[in-house]
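Q: Please take a close look at one part of this model, the place where protein and nucleic acid meet, and describe it in a connected way.

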2 protein chains.
Amino acid sequence: METVLPKFDSVFSIDCVIFGFEAGELKILLIERNEEPFKDWYALPGNFVGQNESIDDGAKRILYELTGLRNMPIKQLHTFGEVNRHPQGRVITVAYFALIRISGQKDLTPITQYARKAFWIPVNEMPKLAFDHTEIFRSAFSKIRKRLNYQPIAFDLLPEKFTLTQLQSLYEIILNKKLDKRNFRKKMLSYGFLKELSEKQKGVSYRAAKLYKFDRRKYNKIFQNDLNMDALPAAAASEEK
Amino acid sequence: METVLPKFDSVFSIDCVIFGFEAGELKILLIERNEEPFKDWYALPGNFVGQNESIDDGAKRILYELTGLRNMPIKQLHTFGEVNRHPQGRVITVAYFALIRISGQKDLTPITQYARKAFWIPVNEMPKLAFDHTEIFRSAFSKIRKRLNYQPIAFDLLPEKFTLTQLQSLYEIILNKKLDKRNFRKKMLSYGFLKELSEKQKGVSYRAAKLYKFDRRKYNKIFQNDLNMDALPAAAASEEK
DNA sequence: ACAAAAGTGTTGCACGTACACCCATGT
DNA sequence: ACATGGGTGTACGTGCAACACTTTTGT
């Protein structure tokens, strides 16, 4: 005596907050919308998820279609579900975020008609955004700031080869504070996951700095058994927004 | 020339992972389902969210209706959106979690017919759960374990007045490791947010221990300006599962 | 008196912080 | 030669980790 249950279809969206670093500035990726609602507005890359794809897969597909960026290592951030966040009815959105290397990704070409264009904009020059995207952006920014302190996310933003000064100034920008040069270098190098290259910086009108590379393999080796459930409570610091 | 846009209705659910501490064991709150699908199965308290309530409000309502617990301080955990996670079609679920005080909350009485009963079960004796709830539970457990190291969540689980030994054994259970008594007490007391009461433990057949209280006001005062964006990178420890 | 848990200090080590000068290179 | 950032070491303080015995209370 099996009962026949009704079938459900969901309507929900994802939105992506993609951070990049270019010309000494932290930037995020926006699109200009080409469809109602909020036609012509700036917005985070986002759209509806299909019925036959997981939300993670959907997020990747949507990001690709709107910006031309493929296979970005995006992660879930938070789900936004206020009743009136979408003018067309009840649509919750799952926000994703990633930090990526801008250099070499010049061609931001939307594949679909939903976006007129995709572009990087400095986080300090954010325009008004469609829907509740400003709130989503702020939430993501706050999250990466906290995460910077215990995850190697900065390397995702830098070019493959970078100088220690570049790395430090990225930290300073995200954390919004000055760091001590000697201490920064000492600490970074002490981890042992930075590989010193024989190459040097080029095209600068002063002493060229050594280039380094982030060695993810070494990083994983160093921290693999490190669930870091050591340490006592450490009641400090609130984690969430 | 306004276009008329279609209206959307979403179907999606929330599920709650509620932790408690009782008789020296960490427990979570389950229901026995009284409706298809998964009728008669054990499951996390969860149901569909209404069209006119935010997901946060919906989570609170559903938890109340299924377990009789009101106004729990639940927080969003993660959204689960695999394509086939729900037998009736595409239903994503937003998972919430909370840590609460069991004592005094004896009456777990479901208000609706969806649940036959609600009950606490030790995390070590988890039965097979409906849907993908086992995965959701694991994800939540992993999260609180990590959070214990930098948030005062343990106090939510303990009775209002507790001994330092009780506090320590709770930490040991969640972190699944032994801690040093002297160091633990020293560190906990050094924070300054534990209020020593004049009362002592009663009804034990050995030297009675002093009772303490968590002073949330002091805690907030101590850590309010502490966005803890100090500290250098500290590349250690992976945060997510 | 005994059983059971409460309560208590010191030392070494690792790590974070503060701080200032010489070096190499391109123009 | 000079301007510009590159590169380097030490001393101090804090906080964590390791470690064992005496005290109190109820039975």
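A: In this predicted model, 19 residues surround DNA strand D, and the ones that come nearest are A:Thr165, A:Lys181, A:Arg185, B:Asn183 and B:Arg207, a list that draws on chain A as well as chain B. Where the protein lies within 4 Å of DNA strand D, 38% of the strand's atoms concerned belong to sugar or phosphate, and the rest belong to bases. By class, the residues of this surface divide into eleven charged, five nonpolar and three polar. H5 of chain A and H5 of chain B each supply at least two residues of the surface near DNA strand D.

Individual atom pairs between side chains and bases add detail to this picture. In the side chain of B:Arg207, one of the residues that come nearest to DNA strand D, an N or O atom is 2.7 Å from a base oxygen of that strand. A:Arg207 places a polar side-chain atom 3.3 Å from a base nitrogen of DNA strand D, and an N or O atom in the side chain of B:Arg182 is 3.3 Å from a base nitrogen of DNA strand D.

DNA strand C can be described along similar lines. The number of residues around DNA strand C is 19, of which A:Asn183, A:Lys187, B:Thr165, B:Lys181 and B:Arg185 come nearest. Among the atoms of DNA strand C within 4 Å of the protein, sugar or phosphate accounts for 42%, with the rest in bases. The surface near this strand is made up of eleven charged, four polar and four nonpolar residues. Helix H5 (181-191) of chain A and helix H5 (181-191) of chain B each contribute at least two residues to the surface near DNA strand C, and the largest share, five residues, comes from H5(B).

On the side of the bases, B:Lys181, itself listed among the residues that come nearest to DNA strand C, has a polar side-chain atom 2.7 Å from a base nitrogen of that strand. An N or O atom in the side chain of B:Lys186 is 3.0 Å from a base oxygen of DNA strand C, while for B:Arg207 an N or O atom of the side chain is 3.2 Å from a base nitrogen of DNA strand C. B:Arg207 thus has a side-chain atom 3.2 Å from a base nitrogen of DNA strand C and a side-chain atom 2.7 Å from a base oxygen of DNA strand D.

The domain layout of chain A gives the setting for these residues. Chain A is divided into domain 1 (12-147) and domain 2 (160-223), and the centres of the two domains, taken over C-alpha atoms, are separated by 29 Å. Six residues from domain 1 of chain A and six residues from domain 2 of chain A take part in the contact. Between them the two domains bury about 590 Å², of which 72% is on carbon and sulfur atoms. More than any other three residues, A:Phe21, A:Leu26 and A:Arg145 supply the area that domain 1 of chain A buries against domain 2 of chain A, their part coming to 68%. Across this interface the rule finds zero salt bridges, whereas one residue pair is in polar contact. The side of domain 1 of chain A that touches domain 2 of chain A comprises three nonpolar, one polar and two charged residues.

Note on methods: Residues are numbered from 1 along each chain as its sequence is written. Chains are lettered from A and ligands numbered from 1 in the order in which they are written. This is a predicted model: local features need pLDDT of at least 70, side-chain atom pairs count only at pLDDT 80 or more; totals for chains, interfaces and linings use all residues. Side-chain values use heavy atoms; hydrogens and water are left out. Domain bounds come from an automatic or database domain assignment. Contact means heavy atoms within 4.5 Å. Buried area is the accessible area (1.4 Å probe) that two parts lose on being put together, summed over both. A salt bridge is a side-chain nitrogen of Lys or Arg within 4 Å of a carboxyl oxygen of Asp or Glu. A polar contact is a pair of N or O atoms within 3.5 Å; within protein, one must be able to donate a hydrogen and the other to accept it, and residues adjacent in sequence count only if both atoms are side-chain atoms. Ala, Val, Leu, Ile, Met, Phe, Trp, Tyr, Cys and Pro count as nonpolar, Asp, Glu, Lys and Arg as charged, and the others, Gly among them, as polar. A residue is near a molecule or strand if one of its heavy atoms lies within 4 Å of it. Helices (H or I, at least four residues) and strands (E, at least two) are DSSP runs, numbered from the N terminus.
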